[in-house]
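Subject: Structure for your review

Dear colleague,

Please find below the structure that I am handing over to you. My findings follow directly after it.

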Amino acid sequence: MKDLFLSDIDLQRLAEESTDNASQDQGTDPTNSGDDKNGQEEKEYLKITQEELNNMFDKRLKRQEDKLTKQFEERRAEEIRQSKLTQAEKEAEEREKKDKELAEAKETIRLMKLSNDTSDLLSKEDISQDFKSFLMGDNLEDTIKNVDNFKKVFNHSRKSWTTR
């Protein structure tokens, strides 16, 4: 049935109809592309046989089928593994999962707070926010050291440029 369906489609005719409809909607003539040379019309068509088209579809469908089969097998294996666990083991896994999510959320909050603190520090020191990603350290103390070192180097460079 798949071969019958794909072989019944005349893609070239469909493409021509869609370009005819599009050009009619825009009020242009599809036969006159404006690229005529000495009155000769040049049209380029993608030439593809039905067999090549079928092969492309088959390859794509095969890749999708393989991907879905793999996902299904992984989920099924996980369900089988979990069905063999005791209630205590299931609770321990759930607790471990929630602990991991909590740790990720805490890290995200820590980074957001550090980013805000870095922005405040840069504003206070009159340094452009463009340098924030370069100066932000792993914690506030490292960030303060980075900003202080940057200010020293920057001020020294500015002084050497102004004395020249």
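F131, F150 and F154 form one aromatic cluster in this predicted model. Two aromatic pairs are counted. The ring centres of F131 and F150 lie 4.8 Å apart with the planes at 45°, so this pair is tilted. It links distant parts of the chain, as F131 is in the loop between α4 (87-124) and α5 (132-135), whereas F150 is in helix α6 (residues 140-162), 19 residues apart. The rings of F150 and F154 have their centres 5.7 Å apart and their planes at 15°; because an angle under 30 degrees counts as stacked, this pair is stacked. F150 and F154 are four residues apart in helix α6 and are therefore separated by about one helical turn. As for accessibility, F131 is partly exposed, with a relative accessible area of 32%, and F154 is likewise partly exposed, at 41%.

Turning to the overall fold, the protein has six helices and zero strands. Along the sequence the pattern reads α-α-α-α-α-α. Of its 164 residues, 10% count as buried.

The salt bridges form the next topic. The structure holds seven of them, and three are described here in turn.

R81 and E93 form a salt bridge in which the closest N and O atoms are 2.6 Å apart. This pair links distant parts of the chain, with R81 in helix α3 and E93 in helix α4, 12 residues apart. R81 has a relative accessible area of 34% and is therefore partly exposed; E93, with 31%, is also partly exposed. Both residues belong to a network of salt bridges that links E78, R81 and E93.

Within helix α4, the side chains of E107 and R110 meet in a salt bridge with an N to O distance of 2.9 Å. E107 and R110 are three residues apart in that helix, about one turn. E107 counts as partly exposed at 34% relative accessibility, as does R110 at 35%.

A further salt bridge joins K113 to D117, with the closest N and O atoms 3.2 Å apart. K113 and D117 lie four residues apart in helix α4, so about one helical turn separates them. The accessibility of these partners falls into two classes: K113 counts as exposed at 52% relative accessibility, because the exposed class begins over 50%, whereas D117 is partly exposed, with a relative accessible area of 22%.

Finally, I would draw your attention to the surface charge. K59, R60, R63 and K67 form a positive surface patch. R63, one of these residues, is found in helix α3 (residues 50-83). With a relative accessible area of 51%, R63 is exposed. Helix α3 thus holds R63 of the positive patch, and it also holds R81 of the salt bridge to E93 in helix α4.

Yours sincerely

Methods: Residues are numbered from 1 along each chain as its sequence is written. This is a predicted model: local features need pLDDT of at least 70, side-chain atom pairs count only at pLDDT 80 or more; totals for chains, interfaces and linings use all residues. Side-chain values use heavy atoms; hydrogens and water are left out. Patches are made of residues with over 30% relative accessible area and no salt bridge: like charges are joined within 9 Å, nonpolar side chains (Val, Leu, Ile, Met, Phe, Trp, Tyr) within 5 Å. Accessible areas come from the Shrake-Rupley method with a 1.4 Å probe; for residues, only the protein chains shown count as cover. A salt bridge is a side-chain nitrogen of Lys or Arg within 4 Å of a carboxyl oxygen of Asp or Glu. Lys and Arg count as positive and Asp and Glu as negative; His and the chain ends are not counted. The place of a charge is taken as NZ of Lys, CZ of Arg, CG of Asp or CD of Glu. Helices (H or I, at least four residues) and strands (E, at least two) are DSSP runs, numbered from the N terminus. Buried means under 20% relative accessible area, exposed over 50%, partly exposed in between (1.4 Å probe, protein chains only). Rings of Phe, Tyr and Trp (its six-membered ring) pair if their centres lie within 6.5 Å; planes under 30 degrees apart count as stacked, over 60 as edge-to-face and the rest as tilted.
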